[in-house]
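Trainee: I should like to learn how to read the packing of helices in a structure that is new to me. May we work through one together?

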Amino acid sequence: MKIGQAIRKIRKEKGATLEEIALNAGTDPGNLSKVERNLQQATPDMLKNVAEALGLPVSSLYLIAEQTLDPYEVEGKKEETAQATQAALRLEQFVTRFMLLSPSNQETLNEFISVMLKTQHKSDDAL
């Protein structure tokens, strides 16, 4: 996934319109649309402003773009590879949502996962 696609994905998950993010980023909606469709490269300043408008650091945009797999790559592969790819897609979705949480909620989720893992280990030991 390219950075423009990551911007669009995050924007839609936040329920924000193209116009809202463009306005908050100080750019034209047409320019942002071109960036999202990978028809135009974002300048570093534009990327910084768009990331801020989305409530994320620029590094998170790159992380999300790098960790996202094309779902069409799953088709035509052996079952094991397809399962691994599906797991990677679920991980990407989790990372994207995690990055959208406030730092406080990120910590709460991390603590919740720790509790879940402890519970899982206890139930595994009982078997």
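Mentor: Two packed helices are described by the angle between their axes and by the distance between those axes. In this predicted model, the axes of helix α2 (residues 18–25) and helix α3 (residues 29–36) cross at roughly 110° and come within 9 Å. Because angles of 65 to 115 degrees count as roughly perpendicular, α2 is roughly perpendicular to α3. The crossing of α2 past α3 is right-handed.

Trainee: Which residues of α2 and α3 meet?

Mentor: From α2 come Leu 18, Glu 19, Ile 21 and Ala 22, and they meet Pro 29, Leu 32, Ser 33 and Glu 36 of α3. Sorted by class, this contact has five nonpolar, two charged and one polar residue.

Trainee: Is Arg 11 in helix α1 buried or exposed?

Mentor: A residue counts as buried under 20% relative accessible area. Arg 11, which lies in α1 (residues 3–14), has a value of 8% and is therefore buried. Leaving aside residues up to four places away in sequence, Arg 11 touches Ala 16, Thr 17, Leu 18, Ile 21, Glu 36 and Leu 54.

Trainee: Where do the buried residues of α4 fall, seen down the axis of the helix?

Mentor: The buried residues in α4 (residues 44–54) are Met 46, Leu 47, Val 50, Ala 51 and Leu 54. Seen down the axis of α4, they fall within an arc of 135°, so they line one face of the helix. The face turned away from this buried side carries Pro 44 and Asp 45, which are exposed.

Trainee: What follows α4?

Mentor: Gly 55 follows α4, and the phi of Gly 55 is positive, near 80°.

Terms used:
Residues numbered from 1 in each chain as written. Predicted model: local features only at pLDDT ≥ 70, side-chain atom pairs only at ≥ 80, totals over all residues. Heavy atoms only, no water. Axes fitted to C-alpha atoms, helices over the stretch in contact; angles between N-to-C directions. Helix = DSSP H or I, 4+ residues; strand = E, 2+ residues; numbered from the N terminus. Parallel < 35°, antiparallel > 145°, perpendicular 65-115°, else oblique. Left-handed = near helix turned anticlockwise from the far one by under 90°. Contact = heavy atoms within 4.5 Å. Nonpolar A, V, L, I, M, F, W, Y, C, P; charged D, E, K, R; others polar. Buried < 20%, exposed > 50% of the residue type's maximum accessible area, 1.4 Å probe, protein only. Arc of directions from axis to C-beta.
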